[in-house]
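Here is a short report on one chain. Keep the sequence and the 3D view open while you read.

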Amino acid sequence: MSAEQNFSNAKFLTVAEVAEVMRVSKMTVYRLVHSGEMPAVRFGRSYRVPETAVDQYLKGAVVDGHAGTA
């Protein structure tokens with residue numbers, strides 16, 4: 001997601017909401033945000049993640065293992 005993207009119509013999720021959707025801990029979400037793997041906007045002392053960023057991250061997630069083997 002580029003810095004120039006318009007967020008006027010974006011829906012933002014809290015770190016807790018992202019953690020619930022992804023079924024991971026809040027610390028995992030914070031690690032993704034701080035590493036740059038998941039874009040977020042900082043509001044005061046808290047972060048908000050665009051809902052589209054969560055969707056894109058989950059679509060790009062890769063499962064370890066052998067895909068397509070029978």
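Start at the turn. The hairpin of β2 and β3 has two residues between the strands, and G44 there takes a positive phi near 65°. Bear in mind that this is a predicted model.

**The sheet**

The hairpin belongs to an open sheet of three strands, in the order β1-β3-β2, with antiparallel pairing. The edge strands are β1 (residues 12-14) and β2 (residues 41-43), each of which pairs on one side only. Neighbouring strands are turned by 40° against each other on average, direction ignored.

Take the β1 side. Here β1 and β3 pair in the antiparallel sense over three bridges. F12 has P50 of β3 as its bridge partner. T14 stands opposite R48 in β3. On the β2 side, three bridges join β2 to β3, and these two strands also run antiparallel. R42 stands opposite Y47 in β3.

The opposite residues named above are collected here.

| Residue | Opposite residue in β3 |
|---|---|
| F12 | P50 |
| T14 | R48 |
| R42 | Y47 |

In a regular strand, side chains alternate between the two faces of the sheet.

**The whole chain**

Now step back. The secondary structure comes to three helices and three strands. Along the sequence, the pattern is β-α-α-β-β-α. The chain has 70 residues, of which 20% count as buried. Among contacts between residues at least 6 apart in sequence, 48% join residues at least 24 apart.

**Helix α1 against the sheet and α2**

Helix α1 packs on the sheet and touches β1 and β3. The direction of α1 makes about 90° with that of β1.

How do α1 and α2 pack, and at what angle? Two packed helices are described by the angle between their axes and the distance between the axes. For α1 (residues 15-22) and α2 (residues 26-35), the angle is about 105° and the axes are 8 Å apart. That makes α1 roughly perpendicular to α2. From α1, the contact is made by V15, A16, V18, A19 and M22. From α2, K26, V29, Y30 and L32 take part. By class, this contact has eight nonpolar residues, no polar ones and one charged residue.

**The two sides of α2**

Which residues of α2 are buried? They are V29, L32 and V33. Seen down the axis of α2, the buried residues fall within an arc of 100°, so they line one face of the helix. These buried residues pack against α1, β3 (46-50) and α3 (51-59). On the other side of α2, R31 and H34 are exposed. After α2 comes G36, whose phi is positive, near 90°.

**V54 in α3**

Finish with one residue of helix α3, V54. Is V54 buried or exposed? Buried means under 20% relative accessible area. V54 has a relative accessible area of 2%, so V54 is buried.

What does V54 touch? Leaving out residues up to four places away in sequence, V54 touches L13, V18, V21, M22, M38 and V49. Two of these names have already come up in α1's contact with α2, namely V18 and M22. V21 is 33 residues from V54 along the chain, and their C-alpha atoms are separated by 8.6 Å.

Definitions and conventions: Residues are numbered from 1 along each chain as its sequence is written. This is a predicted model: local features need pLDDT of at least 70, side-chain atom pairs count only at pLDDT 80 or more; totals for chains, interfaces and linings use all residues. Side-chain values use heavy atoms; hydrogens and water are left out. Axes are lines fitted to C-alpha atoms, for helices over the stretch in contact, and angles run from 0 to 180 degrees between N-to-C directions. Helices (H or I, at least four residues) and strands (E, at least two) are DSSP runs, numbered from the N terminus. Angles under 35 degrees count as roughly parallel, over 145 as roughly antiparallel, 65 to 115 as roughly perpendicular and the rest as oblique. Contact means heavy atoms within 4.5 Å. Ala, Val, Leu, Ile, Met, Phe, Trp, Tyr, Cys and Pro count as nonpolar, Asp, Glu, Lys and Arg as charged, and the others, Gly among them, as polar. Buried means under 20% relative accessible area, exposed over 50%, partly exposed in between (1.4 Å probe, protein chains only). The arc is that of the directions from the helix axis to the C-beta atoms. Two strands pair if DSSP finds at least two bridges between them.
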